[in-house]
Amino acid sequence: MTEPSTQPADPGRGQQPQEADRLRDMLRAPGYLKALTFAAFIGIPVSLIAFWFLVGLHELEHVLWADLPHGLGRDAPPWWWPLPLLSVAGVVVGLVAAHLPGAGGHVPASGLHTGGTTPATLPGVLLAAAASLPFGAVLGPEAPLIALGGALVLLFRDLTRAPATPQSTALLGAAGAAAAIAAIFGNPLVAAVLLIEVAGVGGPQLFAVMLPALLSSGVGALVFTGFGRWTGLETGSLSLQLPTPLPRLGAADVLWTIPIAIALAVLLHPVLTAARRLAAYIAGGVRSRTVLCAVAAAACAALYALVTGRTPADVALSGQTTLGRLASDPHAWGVGALIAVLLLKGAAYTLCLGSLRGGPVFPALFLGAAAGVLLAPLPGLGLVPAMAAGMAAATASTLRLPVSSVVLVVILLGSSAMMPIAILAAVIAFVATELLPAGRRQPVGTSPERPGGADRGCESL
């Protein structure tokens, strides 16, 4: 008589070959291989168009916030400078949202997501972004870039008369978005990871989305970097000049990361909640209420300039340029200025998230870095670890994309020395945000509709 086996059954043992077979079948599918080839080529034109789009935004911002004040005999914009500029932004975005297809793109309070942008809606997206970002909106360019890349790849597909299927639309849209978003972060890995987390897929679907996104973003980053060096033009890509060599982590750095991450999650949660409620309020009267919110954001920047004597650009704009200055010379900011910029830029961030058009990443990075600089004098806490913890926690709390937050912060710092701090801060902030009231109702990093999601498209390959 044969004795029964005492080893427990391994339910995953039979699933692993099945998953591997599904992945091989997916990679062998002619439609997927064509989409992968197309993704390699599409990174070239998308990255070039994204380059000129970012150059235009950067140049217009420089004209509005540097050249014009200098032309008036001022070294920096006066305190009232954001009021007329953001009023213009509010009027234009309100008109675009009310009258053009696609309403100028999704409201940034809903977070980052792929899909939904078509060639027909692209003009409104670009116009709303051009009216928002250089004119002082406390938002970044990443959301318009995702929309730009996704719409351009569909346009090129239609021009080449390539087959239009739900799966090819999903995969090519992710590839085009990754190629465009790689431009602003200066690294294809950030773009690929960000798009993968936004798409929210796993298993074989993860590889199906990752390969076109990684390939397209890599080609796009190569073209983008070479073209930028050849022309000598700037796009405002982010780079931090931190003290070198970076300090070694100590026990105090690790211990302080925990309350910093929890505090930032608690403080940023009402910002996002208020931004969503504000977006719902604006929907009832988009033209007038968009202008009202833009003027209120301008008032925050003007009040900051009056109180601190610093430039209102510290509060206005995405914070991309200001973050570089903060990292290179943090001692130029007093405690009062840091508290004021956290409060008033946070308020302006809330208003812009719910009303104007752009992305949520760069203001969150700046707020996290400013909080880190403010808290750096705590006993045993270093400046660089505090900034790393602050940026990772703020980004993870805002986007609900913890892996992307860690990758982004580590690449910005230019070293893996702060990776343990970034991981700890991102995970704690993400968990704390999810456990807060209403934290699980609508993740900020995802679209509530998930229209034509890549997960469904990959299933049918």
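Here a biologist and a modeller talk through how to read some features of this predicted model.

Biologist: Let's start wide. What does the secondary structure of the chain come to?

Modeller: Begin with the tally of elements, then ask about burial and contacts. The chain has 17 helices and zero strands. Of its 461 residues, 53% count as buried. Take the contacts between residues at least 6 apart in sequence: 82% of them join residues at least 24 apart. As for the surface, the chain exposes about 19,200 Å², with carbon and sulfur atoms supplying 66% of that.

Biologist: Now a single helix. What should the 23 residues of α10 span?

Modeller: Multiply the rise per residue by the steps along the helix, then check the ends. For α10, residues 286-308, 1.5 Å a residue gives an expected 33 Å, and the end C-alpha atoms are 33 Å apart, so the two agree. Just after α10, G309 takes a positive phi of about 75°.

Biologist: Which residues of α10 are buried?

Modeller: Here's the general idea: an α-helix has 3.6 residues a turn, so residues three or four places apart point the same way. In this case, the buried set is T290, C293, A294, A297, A298, C300, A301, A302, Y304 and A305. Their cover includes α3 (82-99), α9 (251-282) and α12 (335-355).

Biologist: And V286, in that same helix α10: what does V286 touch?

Modeller: Leaving out residues up to four places away in sequence, V286 touches G94, A97 and A98. The C-alpha atoms of V286 and L95 are 8.1 Å apart, although 191 residues separate them along the chain. V286 has a relative accessible area of 21%, so it is classed as partly exposed; the cut-off for buried is under 20%.

Biologist: On to helix pairs. At what angle do α9 and α16 pack?

Modeller: For a pair, look at the angle, the axis distance, the handedness and then the residues that meet. α9 and α16 (residues 419-435) pack at about 35°, with axes 8 Å apart, and the crossing is right-handed. From α9 come D253, V254, T257, I258, A261, I262, A265 and H269, meeting I421, L424, A425, I428, A429, A432 and T433 in α16. Those residues divide into 11 nonpolar, three polar and one charged.

Biologist: How do the axes of α9 and α14 cross?

Modeller: Try the same reading again. The axes of α9 and α14 (residues 383-399) come within 8 Å and cross at roughly 35°, again in a right-handed crossing. α9 brings D253, T257, I260, A261, L264, A265, L268 and L272, while α14 brings P385, A389, G390, A393, A394, S397 and T398. By class, the contact of α9 with α14 has 10 nonpolar residues, four polar and one charged.

Biologist: Last, the loops. What phi does A103 have, given that it is not a glycine?

Modeller: When reading a backbone angle, note the residue type, then its place and its exposure. A103 has a positive phi of about 55°. A103 is found in the loop between α3 and α4 (122-132), and is partly exposed at a relative accessible area of 25%.

Biologist: Then L317: buried or exposed?

Modeller: L317 counts as buried, because its relative accessibility is 7%. L317 is not a glycine either, yet has a positive phi of about 70°. You'll find L317 in the loop between α10 and α11 (320-328).

Key
Residues numbered from 1 in each chain as written. Predicted model: local features only at pLDDT ≥ 70, side-chain atom pairs only at ≥ 80, totals over all residues. Heavy atoms only, no water. Helix = DSSP H or I, 4+ residues; strand = E, 2+ residues; numbered from the N terminus. Expected span 1.5 Å × (residues − 1). Buried < 20%, exposed > 50% of the residue type's maximum accessible area, 1.4 Å probe, protein only. Contact = heavy atoms within 4.5 Å. Axes fitted to C-alpha atoms, helices over the stretch in contact; angles between N-to-C directions. Left-handed = near helix turned anticlockwise from the far one by under 90°. Nonpolar A, V, L, I, M, F, W, Y, C, P; charged D, E, K, R; others polar. Areas by Shrake-Rupley, 256 points an atom, 1.4 Å probe, with all protein chains shown as cover.
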